[in-house]
Number of protein chains: 2
Amino acid sequence: MVEAARALVEESGIAALTMRALAEHLGIKAPSLYKHFPDKAAVEVELIALSLAETARAMEEAEEHFERSADAPTLLAALAAAYRADALAHPHLYCLATEGPLPRHALPEGLEERAALPLLRACDFDADQARAIWAFAHGMVTLEIHGRFPDGADLTGAWRAGVTALER
Amino acid sequence: MVEAARALVEESGIAALTMRALAEHLGIKAPSLYKHFPDKAAVEVELIALSLAETARAMEEAEEHFERSADAPTLLAALAAAYRADALAHPHLYCLATEGPLPRHALPEGLEERAALPLLRACDFDADQARAIWAFAHGMVTLEIHGRFPDGADLTGAWRAGVTALER
DNA sequence: GTCTATACCCGGATAGAC
DNA sequence: GTCTATCCGGGTATAGAC
């Protein structure tokens, strides 16, 4: 059910997530949804949690399978690349989960911390550095998603410049 | 007129910007607005242009009046501080102008470049570095606006860490 | 858990008089 | 440039039967 909502958002954008559309996608009628969710906000919370869990998983995998390579010469570079790839794999979901306040009390216990942990570890628990890198990655992703960079801008270069600078 | 729209957005958020609300704010009726704007999107474009022009001005001023100080030991630090202050001075407007595609063809000629120029100059026209710094600043601002950092997080420290690292 | 029917609200936008 | 009157669409959500 949440999966259908996710598909809807990814295919057609956040605005397309309406109770009617979600119901149709499921082959049922809109009022039936209210037997499963108290209201629309509850659906959105589920999606945010799902997105956050996915980010956490992407980070954990990048951490676990890290091997030096030309693309990712360091662990931080690998995490950054994984973050970017994950976000761009479902930009609408990323925006839904990210452009708005985080409904912390409604989220699974510890999820937020879990998503942050791999980066924090890679920074030797330097919170300032971790936040700076997070902000950089988030900024790059959202600017890219919204087409804010000039056409044909070399984003790979900007990523490399940012990661290498923030690394030390 | 655009000023009224701006006030509405800043006070009550993007969602509060409706043709009815804008009209009421101006002491007229909604249909009258359509003698001034073809549609709602045109109002939003004006706001985006206004926000961008303000950012440009903030950057230019920071550049012009830059003096070494404890808070801003370098020009880049001063620009970053000005960017942050400008965005946080009207967060809703910043989000409106920033969370969505840029309507480039409807913007005043050269405005986008003008806004980018001071940072680019401060980077000696290293586009990769400029983009990385811009992404960092934008990320910090949006994460802060949306309350994404943990409560009580030391954002000043994160700003300092990011700016000093990205500076070289 | 699903349906039909429907209430309710609020948005953008137009027609046409003044 | 402003008004009144109005249309139209689309959203969330509830009531109550099956």
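What distance separates a backbone N or O atom of Met19(A) from a phosphate oxygen of DNA strand D? The separation is 2.8 Å, and Figure 2 shows this pair.

The model is predicted: local features need pLDDT of at least 70, and side-chain atom pairs count only at pLDDT 80 or more, while totals for chains, interfaces and linings use all residues. Residues are numbered from 1 along each chain as its sequence is written, chains are lettered from A and ligands numbered from 1 in the order in which they are written, and side-chain values use heavy atoms, with hydrogens and water left out.

**Figure 1. Chain A and its relation to chain B.** Chain A contains 8 helices and 0 strands, where helices (H or I, at least four residues) and strands (E, at least two) are DSSP runs numbered from the N terminus. Along the sequence, the order of elements in chain A is α-α-α-α-α-α-α-α. The C-alpha trace of chain A spans about 55 × 40 × 25 Å along its principal axes. A turn of 180 degrees with a shift of 0.0 Å along the axis lays chain A on chain B with an RMSD of 0.0 Å (least squares on the C-alpha atoms of residues with pLDDT of at least 70 in both copies). This is the relation of a two-fold axis. The same surface serves both copies, as 100% of the contact residues of chain A recur in chain B (contact: heavy atoms within 4.5 Å).

**Figure 2. The protein surface around DNA strand D.** Around DNA strand D there are 13 residues, of which Met19(A), Arg20(A), Lys29(B), Lys35(B) and His36(B) come nearest (a residue is near a strand if one of its heavy atoms lies within 4 Å of it). Of the atoms of DNA strand D that come within 4 Å of the protein, 49% are accounted for by sugar and phosphate. Phosphate oxygens of DNA strand D take part in polar contacts (pairs of N or O atoms within 3.5 Å) with both chains. From chain A, a backbone N or O atom of Met19(A) lies 2.8 Å from a phosphate oxygen. From chain B, a polar backbone atom of Lys29(B) is 2.6 Å from a phosphate oxygen, and a polar side-chain atom of Ser32(B) lies 2.9 Å from a phosphate oxygen. By class, the surface near DNA strand D has 5 nonpolar, 3 polar and 5 charged residues (Ala, Val, Leu, Ile, Met, Phe, Trp, Tyr, Cys and Pro count as nonpolar, Asp, Glu, Lys and Arg as charged, and the others, Gly among them, as polar).

**Figure 3. The protein surface around DNA strand C.** DNA strand C is surrounded by 14 residues, and the closest are Lys29(A), Lys35(A), His36(A), Arg20(B) and Lys40(B). Sugar or phosphate supplies 50% of the atoms of DNA strand C within 4 Å of the protein, and bases supply the rest. A polar side-chain atom of Arg20(B) lies 2.6 Å from a base nitrogen of DNA strand C. Phosphate oxygens of this strand are approached by a backbone N or O atom of Met19(B), at 2.8 Å, and by a polar side-chain atom of Lys40(B), at 3.0 Å. The surface near DNA strand C comprises 5 nonpolar, 4 polar and 5 charged residues.

**Figure 4. The largest cavity.** The whole structure holds 3 cavities of 30 Å³ or more (sets of points on a 1 Å grid over the protein atoms alone where a 1.4 Å probe fits but cannot get out; lining residues have an atom within 4 Å of a point). The largest cavity has a volume of about 40 Å³ (the space filled by probe spheres set on the points, which are joined across faces, edges and corners). Its lining consists of Leu76(A), Ala80(A), Ile133(A), Phe136(A), Gly162(A), Val163(A) and Leu166(A). Helices H4 (75–89), H7 (127–145) and H8 (155–167) of chain A each contribute at least two residues to this lining, with the largest share, 3 residues, from H8(A). By class, the lining has 6 nonpolar, 1 polar and no charged residues.

Definitions and conventions:
Polar contact = N/O pair within 3.5 Å; in protein donor to acceptor, adjacent residues only side chain to side chain. 1 Å grid on protein atoms, 1.4 Å probe; cavity = no way out; pocket = protein on both sides within 12 Å on 5 of 7 lines; lining within 4 Å.
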